[in-house]
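Student: Please give me a close look at one part of this structure: its pockets. Take me through what lines them.

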Amino acid sequence: MGWYLARGLGTVLLVPLVEELFFRDYLEGKLRLGQGRAWAVAAALVSASAFAALHDRWAEALVAGLVFSWVCRRRGRIGDAVLAHAVANAVVYGVAVTTGNLQII
């Protein structure tokens, strides 16, 4: 039971914080070499692709990375992306525990 709790806390709290701070805040910020929508879209695509490369389900992760980028840029708050990522991970964790398919975490 302790392992499930630790895994859940890491999946829902720690992972979203670390990944969003790196991919959306740091990397995407560094990739925005200029002003305008084209730079924003290019930076989002590259950072979401890098995010997807670290996940087994890369297609879903690419879409999630783009959504998290949009959520972050909508109001300019990285906390919004962290929260969206945490909610997404909580849903995946809940499905994994409920179905017994822990490989999807």
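Tutor: Start with a term. Helices here are DSSP runs of H or I with at least four residues, numbered from the N terminus. So a label such as α3 gives a helix its place in that numbering. Keep in mind that this is a predicted model.

Why use a probe at all? Rolling one the size of a water molecule over the atoms shows where empty space is left.

Now the largest pocket. Its volume is about 630 Å³. It is lined by 21 residues, and the closest to its centre are H55, N89, V92, I104 and I105. Three elements give two or more residues to this lining: α1 (2-31), α3 (58-75) and α4 (78-99). The most comes from α1, which gives five residues. By type, the lining of the largest pocket has 10 nonpolar residues, six polar and five charged.

Next, the second largest pocket. Its volume is about 180 Å³. Find its lining in the sequence: E28, R32, A40, V41, A44, L45, L66, S69, W70, R73 and R74. Here the elements that give two or more residues are α2 (37-53) and α3. The largest share is from α3, with five residues. The lining of this second pocket divides into six nonpolar residues, one polar and four charged.

Now link the two. Helix α3 gives two or more residues to the largest pocket, and α3 also gives the largest share to the second largest. Trace α3 on the model, from 58 to 75. On the way, pick out L66, S69, W70, R73 and R74, which are among the lining residues of the second largest pocket.

Technical notes
Residues are numbered from 1 along each chain as its sequence is written. This is a predicted model: local features need pLDDT of at least 70, side-chain atom pairs count only at pLDDT 80 or more; totals for chains, interfaces and linings use all residues. Side-chain values use heavy atoms; hydrogens and water are left out. On a 1 Å grid over the protein atoms alone, a cavity is a set of points where a 1.4 Å probe fits but cannot get out, and a pocket is an open set with protein on both sides within 12 Å along at least five of seven lines; lining residues have an atom within 4 Å of a point. Grid points are joined across faces, edges and corners, and a volume is the space filled by probe spheres set on the points. Ala, Val, Leu, Ile, Met, Phe, Trp, Tyr, Cys and Pro count as nonpolar, Asp, Glu, Lys and Arg as charged, and the others, Gly among them, as polar.
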